[in-house]
Amino acid sequence: MVKRQKYIDGIMKYVNAPFVKILTGIRRCGKSTIMQMIQDELRQEGIREEQIIKYNFDLMKYVDMTAKELYSELKNKINSGKKTYLFLDEVQEIDGWEKIVNTFMTEYDTDIFVTGSNSRMMSSEISTYLTGRYISFRIFPLSFEEYLEFRNKYTTPVDRKTELKRYLQLGGFPAIHLREYTADEVYPIVKDIYREYGRLLSIEDNYPKYVLTTDEFAGGNYQGIKTMHIADFLLSQEY
């Protein structure tokens, strides 16, 4: 596993702070893996295994789970006498999850981390129940430097110029750089993600394309579409 240290360092600054940590981003950008890395960091800091509770709501066994059922289950697992660290992956699959998170944050000794996909996370319900009580971290596919780390660990990289060309062609989704794939082999892996960038990808011209954000962790490239912090874009020679 390659550590995505920039995100880990940023999120760890808020461990035990009275905020829900919300990791959002396009599917397969690495949110779940980063959350596992945060759990590993906590273990290294002496947090015991029974203090860490983790769920992945993409699994079939949670398909029909209600908010009330989840609340009851979590309540029974809360560690009495010590802080409990809740990790709720793809939490948007549970209708009413915002109420559950708000309840555990205010009434129990917990530190809460959740992940979810862009299109379904930023709802009005978050504003209603969690205003001023959460910090959002936007997770992006691999930057070029992260891509090179993956290549060094899992494959045999070549010269930097050739690697840059490959990165620009294939993009930065972690799963496609765990072994050698051709462009044709990559497409079936990420085709369901294309719709998130569909409008930009459908524009056929020779102009560069950007997704601009105010997130300090912005960075990445997907099929030639660059994601940048707006300040970096305005200060860059590309503007």
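Student: Where is the place of Glu163?

Tutor: Glu163 sits in helix 8, which covers residues 160-170. Keep in mind as we go that this is a predicted model.

Student: Why is Glu163 called buried?

Tutor: Its relative accessible area is 1%. Buried means under 20%, so Glu163, at 1%, is buried.

Student: Which residues is Glu163 in contact with, leaving aside its neighbours within four places in sequence?

Tutor: Glu163 is in contact with Phe144, Tyr147, Leu148, Arg151, Pro157 and Val158.

Student: You mentioned Arg151. Why is Arg151 called buried?

Tutor: Arg151 has a relative accessible area of 3%. Set against the limit of under 20%, that value makes Arg151 buried.

Student: What makes Glu180 and Arg151 a salt bridge?

Tutor: The closest N and O atoms of Glu180 and Arg151 are 3.0 Å apart. A salt bridge needs such atoms within 4 Å, so this pair counts as one. The pair links distant parts of the chain: Glu180 is in the loop between helix 8 and helix 9 (183-190), Arg151 is in helix 7, and they are 29 residues apart.

Student: And why is Glu180 called partly exposed?

Tutor: Glu180 has a relative accessible area of 40%. Buried is under 20% and exposed is over 50%, so 40% falls in between and Glu180 is partly exposed.

Student: What makes Arg4 and Glu146 a salt bridge?

Tutor: Their side chains meet at 3.0 Å, N to O. The cut-off is within 4 Å, so the pair qualifies. Arg4 lies in the segment before helix 1 and Glu146 in helix 7 (residues 144-154), so that the pair links parts of the chain 142 residues apart. Arg4 and Glu146 are both buried.

Student: How many salt bridges does this rule give?

Tutor: The count comes to 13. One of the pairs is Glu50 with Arg48, whose closest N and O atoms are 2.7 Å apart. There is also a network of salt bridges that links Asp40, Arg43, Glu49 and Lys54.

Student: Why does Arg48 count as partly exposed?

Tutor: Arg48 has 45% relative accessibility. That lies between under 20% for buried and over 50% for exposed, so Arg48 is partly exposed. Its partner Glu50, at 42%, is partly exposed too.

Student: Is Met1 buried or exposed?

Tutor: Met1 has a relative accessible area of 53%. Exposed means over 50%, so Met1 is exposed. Met1 lies in the segment before helix 1 (5-12). Together with Tyr154 and Leu178, Met1 forms a nonpolar patch on the surface, with about 280 Å² of accessible area together.

Terms used: Residues numbered from 1 in each chain as written. Predicted model: local features only at pLDDT ≥ 70, side-chain atom pairs only at ≥ 80, totals over all residues. Heavy atoms only, no water. Helix = DSSP H or I, 4+ residues; strand = E, 2+ residues; numbered from the N terminus. Buried < 20%, exposed > 50% of the residue type's maximum accessible area, 1.4 Å probe, protein only. Contact = heavy atoms within 4.5 Å. Patch = residues over 30% accessible without salt bridge, like charges linked within 9 Å, V, L, I, M, F, W, Y side chains within 5 Å. Areas by Shrake-Rupley, 256 points an atom, 1.4 Å probe, with all protein chains shown as cover.
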